[in-house]
Amino acid sequence: MLNTDRLCPGCMNDTGGERICPECGYDCAQTNPTDCLPARFVLGERYAVGRVLERGCEGITYLGLDTANGETVRIREYFPKGISRRFPDGTVSVSETDKFVFNDGLMDYLSLNRSLIGSELPALVPILAVFEENGTAYAVSQVISCITLRSFLSKNGGSLKWEQARPLFLPLIDTLAGLHENGILLGDISPDTVLVGRDGKMRFGNA
């Protein structure tokens, strides 16, 4: 049985009980922001939550661990910015006036992610599982070594030449076209939710 108390939120490896992870150097005493799930929180009796990777208008993405097979994953939580509230037990709630907006978005989120399971579109990070819990929903996807488009642009002086941008953006455009042809609209697209992998490919990371 995996001891989640010894998981490093920074890389999801076993720390051996050390505060500073011997694998990645992460200080395991660090905590996630109070409105996020705490590190080592377990979802679906299977997925352990790590550090926060990114936050967008629609949700929060965490590093995670699939305790069933030991694989590192990304866990995307539906948590609309500005209307969602977190309780100490991890559950999510909204005010009565925001319930319709939250629930309408939740249904769209579930429908989108369920439709993407098994998709082979080039600029999508493969979705592994989708489930509801804590009054909201979660999408689990593969981990692909990458940085956000914002970070990538920063490292490249803030802009890209056409010969650099073209091979990056064309698969992204083709994927959007494929989604639209199937009646799927992908929201929350920004430099913080578009990812650039070490393999040189750009992908949507906010499904």
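Arg76 and Thr61 touch through their side chains, in a polar contact of 2.8 Å. This is a predicted model, so here is a quick tour with that in mind. Arg76 belongs to strand β4, residues 71-78, and β4 sits in an open sheet of 6 strands. Also on the list are a pocket of about 290 Å³, the largest one, and a disulfide count of 0.

**Arg76 and its strand**

- Arg76 has a relative accessibility of 4%, and since the cut-off for buried is under 20%, it counts as buried.
- From that buried position, the Arg76 side chain makes its polar contact with the side chain of Thr61.
- Strand β4, home to Arg76, covers residues 71-78.

**The sheet**

- Reading across the open sheet, the strand order is β1-β2-β3-β4-β8-β7, with antiparallel pairing.
- The edges are β1 (42-43) and β7 (127-133), each of which pairs on one side only.
- Strand β4 runs antiparallel to β8 (residues 136-142), and 5 bridges join the two.
- Across from Glu77 you'll find Tyr138, which is in β8.

**The largest pocket**

- There's about 290 Å³ of space in the largest pocket.
- Its lining comes to 14 residues, and those nearest the centre of the pocket are Arg51, Leu53, Arg74, Ile144 and Cys146.
- Two elements, β2 (47-55) and β9 (146-148), each give two or more residues to the lining.
- Strand β2 gives the most, with 4 residues.
- By type, the lining of the largest pocket splits into 8 nonpolar, 2 polar and 4 charged residues.

**Cysteines**

- How many disulfides does the model have? The count is 0.
- Why is Cys11 not bonded to Cys24? The sulfur of Cys24 is the closest cysteine sulfur to that of Cys11, but at 3.6 Å it is too far for a bond, because a disulfide needs the two sulfurs within 2.5 Å.
- Cys57 isn't in a disulfide either: the nearest cysteine sulfur, in Cys36, is 14 Å away.
- Is Cys57 buried or exposed? With a relative accessible area of 56%, Cys57 is exposed, because the cut-off for that is over 50%.
- Cys11, on the other hand, counts as buried, with a relative accessibility of 16%.

How values were computed. Residues are numbered from 1 along each chain as its sequence is written. This is a predicted model: local features need pLDDT of at least 70, side-chain atom pairs count only at pLDDT 80 or more; totals for chains, interfaces and linings use all residues. Side-chain values use heavy atoms; hydrogens and water are left out. Buried means under 20% relative accessible area, exposed over 50%, partly exposed in between (1.4 Å probe, protein chains only). A polar contact is a pair of N or O atoms within 3.5 Å; within protein, one must be able to donate a hydrogen and the other to accept it, and residues adjacent in sequence count only if both atoms are side-chain atoms. On a 1 Å grid over the protein atoms alone, a cavity is a set of points where a 1.4 Å probe fits but cannot get out, and a pocket is an open set with protein on both sides within 12 Å along at least five of seven lines; lining residues have an atom within 4 Å of a point. Grid points are joined across faces, edges and corners, and a volume is the space filled by probe spheres set on the points. Ala, Val, Leu, Ile, Met, Phe, Trp, Tyr, Cys and Pro count as nonpolar, Asp, Glu, Lys and Arg as charged, and the others, Gly among them, as polar. Two strands pair if DSSP finds at least two bridges between them.
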